[in-house]
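Let's walk through this model together, one stop at a time. Please have the structure open beside the text and turn it as we go.

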Amino acid sequence: QVQLVESGGGLVQAGGSLRLSCAASGSITSVDDMAWFRQAPGKQRELVAVITFGGGTNYTDSVKGRFTITRDNAKKTVYLQMNSLKPEDTAVYYCSAAVMETTDWYPRNYWGQGTQVTVSS
């Protein structure tokens, strides 16, 4: 069974930095697109950043120039470096990955459990 385990959330002051990590484990053949989403209280979950297996990236406008998504394919891990954090970045951050298990013929989408990021003003 595939699991995505996140780490790195916490409380930080505005202008500070945090680095989130998300590692995929299980009987995995390959991991395709990996992404970070976030959900603030009372708001819908939104896509923050996505990275392809080959390293292509895309970001939502509000984080461009401040956040960087990277991945280590050998470790099946995706990272989100968050700099110049703002109070409006406060949310639960979820990682998502398209994972091909050894028993499957196509990738399935999996989610992590979420990690809280709180930015104080």
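Tyr106 counts as partly exposed because its relative accessibility is 47%, where buried means under 20% relative accessible area, exposed over 50% and partly exposed in between, computed with a 1.4 Å probe on protein chains only. You will find Tyr106 in the loop between β9 and β10 (108-111); strands here are DSSP runs of E with at least two residues, helices are runs of H or I with at least four, and both are numbered from the N terminus. Not counting residues up to four places away in sequence, Tyr106 touches Val99 and Met100, with contact meaning heavy atoms within 4.5 Å. The side chains of Tyr106 and Arg108 are also joined by a polar contact of 3.4 Å. That term stands for a pair of N or O atoms within 3.5 Å; within protein, one must be able to donate a hydrogen and the other to accept it, and residues adjacent in sequence count only if both atoms are side-chain atoms.

A word on the source before we move on. This is a predicted model, in which local features need pLDDT of at least 70 and side-chain atom pairs count only at pLDDT 80 or more, while totals for chains, interfaces and linings use all residues. Residues are numbered from 1 along each chain as its sequence is written, and side-chain values use heavy atoms, with hydrogens and water left out.

Now step into strand β9 (residues 91-101), where Ser96 lies. Is Ser96 buried or exposed? Ser96 is buried, because its relative accessible area is 5%. Its side chain has polar partners: one is the side chain of Asn109, joined to that of Ser96 by a polar contact of 3.1 Å, and a polar atom of the Ser96 side chain also lies 3.4 Å from the backbone oxygen of Tyr110. Leaving aside neighbours within four places in sequence, the residues in contact with Ser96 include Leu4, Asp33, Met34 and Trp111.

Tyr93 is found in strand β9 too, and with a relative accessible area of 0% it is buried. Which backbone oxygen does the side chain of Tyr93 reach? It is that of Asp89, at 2.7 Å. The Tyr93 side chain is also joined to the side chain of Arg38 by a polar contact of 2.9 Å. Beyond four places in sequence, Tyr93 touches a long list of residues, among them Glu6, Leu20, Trp36, Leu80, Met82 and Val117.

Follow that link to Asp89, which sits in the loop between β8 (77-82) and β9. Asp89 is buried, since its relative accessible area is 1%. Its side chain makes a polar contact of 3.0 Å with the side chain of Arg38. Among the residues that Asp89 touches, apart from those up to four places away, are Arg66, Phe67 and Ser84.

Ser84 lies in that loop between β8 and β9 and has a positive phi of about 50 degrees although it is not a glycine. Lys76, in the loop between β7 and β8, is not a glycine either, and its phi is positive at about 55 degrees. Ser84 counts as partly exposed because its relative accessibility is 40%, and Lys76 is partly exposed with 27%.

Next, look inside. In soluble globular proteins, nonpolar side chains tend to be buried together. The largest nonpolar core here has 31 residues, of which Trp36, Leu80, Met82 and Tyr93 touch the most other members; such a core is a set of buried Ala, Val, Leu, Ile, Met, Phe, Trp, Tyr and Cys residues joined through side-chain atoms within 4.5 Å. At least two of its residues come from each of β3 (18-25), β4 (28-39), β5 (46-51), β7 (67-72), β8, β9 and β11 (115-120). The largest share, five residues, is supplied by β9.

Let's finish at Asn58, in strand β6 (residues 57-59). Asn58 counts as partly exposed because its relative accessibility is 47%. Leaving out residues up to four places away, Asn58 touches Val48, Ala49 and Val50. From C-alpha to C-alpha, Asn58 and Pro41 are 24 Å apart in space and 17 residues apart in sequence, whereas the C-alpha atoms of Tyr93 and Asn58 are separated by 17 Å, with their positions 35 residues apart along the chain.
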